[in-house]
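This report describes selected strands, charged pairs and single residues of one protein chain. Please look over the sequence and the structure first.

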Amino acid sequence: MLRTIRHTLLIIILITIAGCAAYELGTQNAEPVMHETGPVWPPPPQTARIQYIRSISGPSDIGIKKSWFRKTMDAIFGKDEATEMLLRPYGVFAGSERIYVTDPGNRLVYVFDMKEKNYLEIRKADKEEFKSPIGVAADKNGEIYLSDSLLKRVFIFDKEGKYLREIGSDNLFIRPAGIAIDEERLYVVDTHGHKILAFSKREGSFLFSFGKNGRGNGEFNYPTNIFAGKDKFLYITDSMNFRVQIFDTNGNFISAFGKHGDGSGDFSKPKGVAVDSEGNIYVADAQFDTVQIFDKDGRLLLAFGNTGRGKGQMVLPAGVYIDKQDKIYVADSYNNRIQIFQYLKVEGSGDQGAKDSSGERARILESSNP
């Protein structure tokens with residue numbers, strides 16, 4: 001009798017263990033495949049040039065889950081779990097498998113480490129809490145550069161988020177916004193000053209500025225965002241002149257394109273600007289909820305995104321960044337997320353810009369979601 005009872009208990013234990021193991025395996029297999037085919041632009045049967053990859057709204061989207069201990073400690077110390085989710089992302093930068101996001105809604109900077117599955121929040125510089133973090137960039141050493149439009153400073157941190165130094169003063173900046181860096185310099189857009197300021201990265205010293213309020217070549221009317229291209233040109237969104245202006249790294253005017261309107265290729269509220277490896281220029285427009293792609297002559301090649309909350313749809317997009325692998329990062333501000341897309345090169349296209357498979361330039365004017 002006793003042997004029968006023991007045998008029964010052993011079977012129950014084995015069944016329970018097997019059930020637990022099967023549950024864990026099933027849970028792992030149920031996780032979404034983040035790189036499976038999503039929406040593409042233009043839609044078939046044309047050759048796809050842009051593909052949706054994924055979106056990030058918080059640390060859980062890159063596989064980071066709080067331990068029981070972490071949850072308990074956060075509860076004890078009163079940390080608001082809602083701040084771990086993006087509220088109103090504006091600036092975005094990516095490099096060395098890290099994604100940097102400014103969130104003026106939550107008044108902090110998020111750093112998502114995609115390789116290490118780690119997550120960092122930067123809330124203040126030294127003892128001063130952020131008020132309106134806008135622009136963000138990071139150099140090859142991992143140092144993080146951040147502009148705060150209300151504190152009128154650019155703050156620099158090490159890769160772990162430790163405050164190092166700052167650039168700026170109430171007398172130097174009026175409303176700093178977008179920033180960009182190259183090997184030697186930091187460029188800061190002063191939106192209300194209608195100009196761009198250049199600084200030495202190493203010493204933080206002011207070097208020169210260019211631009212003034214106006215509508216002529218090299219003049220600005222509330223510029224907002226900037227991108228430093230691998231071609232050694234600076235691409236600047238001249239927002240209230242409804243155009244993009246291009247300069248060399250010494251501030252000499254090269255060219256400009258764009259006009260106000262509600263048609264394809266026009267601008268209404270241009271924000272983020274970036275350039276891919278083939279020289280195509282991407283501009284987010286917060287009025288149209290789309291990203292338009294132009295060649296260097298300002299000719300519209302393609303547009304992707306429209307108003308909505310689905311994959312590839314947007315509500316008031318802001319910052320745009322393109323990394324060395326031609327991944328496109330869009331701060332989808334009022335959808336509380338960063339959306340990531342991939343520029344798909346056509347074999348043999350080289351540096352001649354976006355072309356379809358027949359060798360002609362793609363002129364797809366629809367921004368409809370497939």
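Strand β5, covering residues 108–113, is joined to β6 by five bridges, and the two run antiparallel. The model shown here is predicted. Within this pair, F112 stands opposite Y119 of β6. Both strands belong to an open sheet of four strands, ordered β3-β4-β5-β6 and paired in the antiparallel sense. Its edge strands, β3 (92–95) and β6 (118–122), each pair on one side only. Ignoring direction, neighbouring strands of this sheet are turned by 15 degrees against each other on average. Strands of a sheet pair through backbone hydrogen bonds, in a parallel or an antiparallel way.

**Strand β23 and its partners**

Further along the chain, β23 pairs with strands β22 and β24. Strand β22 (residues 281–285) is joined to β23 by five bridges, again antiparallel. The bridge partner of Y282 in β23 is I293. Four residues lie between the strands in the hairpin of β22 and β23, where D289 takes a positive phi near 55 degrees. With strand β24 (residues 300–304), β23 pairs antiparallel over four bridges, and V291 stands opposite F304 of β24. The hairpin of β23 and β24 has five residues between the strands, and G298 in the turn has a positive phi of about 85 degrees.

How many of the five residues of strand β23 are buried? Five of the five are buried, so the strand, residues 290–294, is largely enclosed by the rest of the structure. In a regular strand, side chains alternate between the two faces of the sheet. Both faces of β23 are covered: T290, Q292 and F294 are buried on one side, and V291 and I293 are buried on the other.

**Charged pairs**

The whole structure has 15 salt bridges. Side chains of opposite charge can pair when their charged atoms come close. The table lists some of these pairs.

| Pair | Closest N to O distance |
|---|---|
| K201 and D139 | 3.9 Å |
| E183 and K140 | 3.6 Å |
| D170 and R153 | 3.5 Å |

The pair of K201 and D139 links distant parts of the chain, 62 residues apart: K201 is in the loop between β15 (195–200) and β16, and D139 in the loop between β9 (133–138) and β10 (144–148). Both K201 and D139 are buried. The pair of E183 and K140 spans 43 residues, with E183 in the loop between β13 (176–181) and β14 and K140 in the loop between β9 and β10. E183 and K140 are both exposed.

D170, in the loop between β12 (163–167) and β13, is 17 residues from R153 in strand β11 (residues 153–157). D170 counts as exposed because its relative accessibility is 52%, whereas R153 is buried, with a relative accessible area of 18%. R153, E166 and D170 are linked in a network of salt bridges.

**Two arginines**

R185 is placed in strand β14 (residues 185–190). R185 is buried yet has no salt bridge; E184, the nearest side chain of opposite charge, is 5.1 Å away. The side chain of R185 does make a polar contact with the side chain of N250, at 3.0 Å. Residues touched by R185 include F199, K201, F208 and T249.

R215 lies in the loop between β16 (206–210) and β17 (223–228). Is R215 buried or exposed? R215 is exposed, because its relative accessible area is 61%, and the cut-off for exposed is over 50%. R215 is in contact with residues including N221, M240 and R243. The C-alpha atoms of R215 and N241 are separated by 6.6 Å, although the two residues are 26 residues apart along the chain.

Terms used:
Residues are numbered from 1 along each chain as its sequence is written. This is a predicted model: local features need pLDDT of at least 70, side-chain atom pairs count only at pLDDT 80 or more; totals for chains, interfaces and linings use all residues. Side-chain values use heavy atoms; hydrogens and water are left out. Buried means under 20% relative accessible area, exposed over 50%, partly exposed in between (1.4 Å probe, protein chains only). Lys and Arg count as positive and Asp and Glu as negative; His and the chain ends are not counted. A salt bridge is a side-chain nitrogen of Lys or Arg within 4 Å of a carboxyl oxygen of Asp or Glu. A polar contact is a pair of N or O atoms within 3.5 Å; within protein, one must be able to donate a hydrogen and the other to accept it, and residues adjacent in sequence count only if both atoms are side-chain atoms. Contact means heavy atoms within 4.5 Å. Two strands pair if DSSP finds at least two bridges between them. Axes are lines fitted to C-alpha atoms, for helices over the stretch in contact, and angles run from 0 to 180 degrees between N-to-C directions. Lists of a residue's contacts leave out its neighbours within four places in sequence.
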